[in-house]
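Trainee: Could we go through this one together before I write my notes?
Mentor: Yes, have it open in front of you and ask as you go.

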Amino acid sequence: MANINDAFPSNYLKASDLAGSQPVVTIDRVGFEPVGQKREMKPILYFVGKDKGVVLNKTNSKNITNLVGSPETDDWVGFKIKLYTANVE
């Protein structure tokens, strides 16, 4: 049987990549890269020792800002967060 998630590879971390785990990761950096068909510039959160980053949305950005206590992404470096999946619209 084929896994449908394999049909949609991504350069960025997806919920299916976590396979139900909730790893604690350390923020390495935030970069801005063109994403999607429209190639819109989006913030990408990268982690120490991980190849794929997470495309940040407004909710994730606000949550990290609240956890770290700063909207400056340079202040996020070295901060540990737990990754988990959630259903969103």
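Trainee: What pattern does the protein chain follow, read along the sequence?
Mentor: Read in that direction, the pattern of the protein chain is α-β-β-β-α-β, and the secondary structure comes to two helices and four strands. Keep in mind that this is a predicted model.

Trainee: And in what order do the four strands sit in the sheet?
Mentor: The four strands form an open sheet in the order β3-β2-β1-β4, with antiparallel pairing. β3 and β4 stand at the edges and each has a single partner strand, so one side of each is left without a neighbour in the sheet.

Trainee: How many bridges hold β2 and β3 as a pair?
Mentor: β2 and β3 pair over two bridges, in the antiparallel sense. As for individual residues, Leu45 has Val54 in β3 as its bridge partner.

Trainee: Which residues make up the largest nonpolar core?
Mentor: That core has twelve residues, namely Leu18, Val25, Ile27, Val30, Leu45, Phe47, Val54, Leu56, Ile64, Trp76, Ile81 and Leu83. β1 (24–35) and β2 (40–47) each supply at least two of the core residues, and β1 gives the most, with three. The bridge partners Leu45 and Val54 are both members of this core.

Trainee: Take Ile27, then. What is it in contact with, leaving aside neighbours within four places in sequence?
Mentor: With those neighbours set aside, Ile27 is in contact with Leu45, Tyr46, Phe47, Val48, Ile64, Trp76, Val77, Gly78, Phe79 and Ile81. Among these, Leu45, Phe47, Ile64, Trp76 and Ile81 also belong to the largest nonpolar core.

Trainee: Stepping back, how much of the protein chain is buried?
Mentor: Buried residues account for 24% of the 89 residues in the protein chain. The chain exposes about 6,700 Å², and carbon and sulfur atoms supply 50% of that area. On the contact side, if you take pairs at least 6 apart in sequence, 43% of the contacts join residues at least 24 apart.

Trainee: Switching to charges: how many salt bridges are there in the whole structure?
Mentor: A search of the whole structure finds two. In one of them the side chains of Asp17 and Lys52 meet, at 3.5 Å from N to O, and this pair links distant parts of the chain, given that Asp17 is in helix α1 (residues 15–18) while Lys52 is in the loop between β2 and β3 (54–55), 35 residues apart. Another salt bridge is formed by the side chains of Asp28 and Arg29, at 2.8 Å from N to O.

Trainee: Are the residues of those pairs buried, exposed or in between?
Mentor: In the first pair, Asp17 is partly exposed at 35% relative accessibility, and Lys52 is also partly exposed, with a relative accessible area of 29%. In the pair in β1, Asp28 is partly exposed at 31%, and Arg29 counts as partly exposed at 41%.

Trainee: What about Ser70, where does it lie?
Mentor: Ser70 lies in the loop between α2 (58–68) and β4 (80–82). Its relative accessibility is 9%, and the cut-off for buried is under 20%, so Ser70 counts as buried. The side chain of Ser70 is joined to that of Asp75 by a polar contact of 2.6 Å, and, not counting residues up to four places away in sequence, Ser70 touches Thr65, Asp75 and Trp76.

Trainee: Trp76 again. What else does it turn up beside, say in the contacts of Ser61?
Mentor: Ser61, which is found in helix α2, is in contact with Leu56 and Trp76 once its neighbours within four places in sequence are left aside. In addition, a polar atom of the Ser61 side chain lies 2.9 Å from the backbone oxygen of Asn57.

Trainee: Last one: which residues is Lys82 in contact with?
Mentor: Lys82, in strand β4, is in contact with Gln22, Pro23 and Val24, leaving aside its neighbours within four places in sequence. Lys82 and Pro23 are 59 residues apart in sequence, yet their C-alpha atoms are 5.6 Å apart in space. With a relative accessible area of 47%, Lys82 is partly exposed.

Note on methods: Residues are numbered from 1 along each chain as its sequence is written. This is a predicted model: local features need pLDDT of at least 70, side-chain atom pairs count only at pLDDT 80 or more; totals for chains, interfaces and linings use all residues. Side-chain values use heavy atoms; hydrogens and water are left out. Buried means under 20% relative accessible area, exposed over 50%, partly exposed in between (1.4 Å probe, protein chains only). A polar contact is a pair of N or O atoms within 3.5 Å; within protein, one must be able to donate a hydrogen and the other to accept it, and residues adjacent in sequence count only if both atoms are side-chain atoms. Contact means heavy atoms within 4.5 Å. A nonpolar core is a set of buried Ala, Val, Leu, Ile, Met, Phe, Trp, Tyr and Cys residues joined through side-chain atoms within 4.5 Å. Accessible areas come from the Shrake-Rupley method with a 1.4 Å probe; for residues, only the protein chains shown count as cover. A salt bridge is a side-chain nitrogen of Lys or Arg within 4 Å of a carboxyl oxygen of Asp or Glu. Two strands pair if DSSP finds at least two bridges between them.
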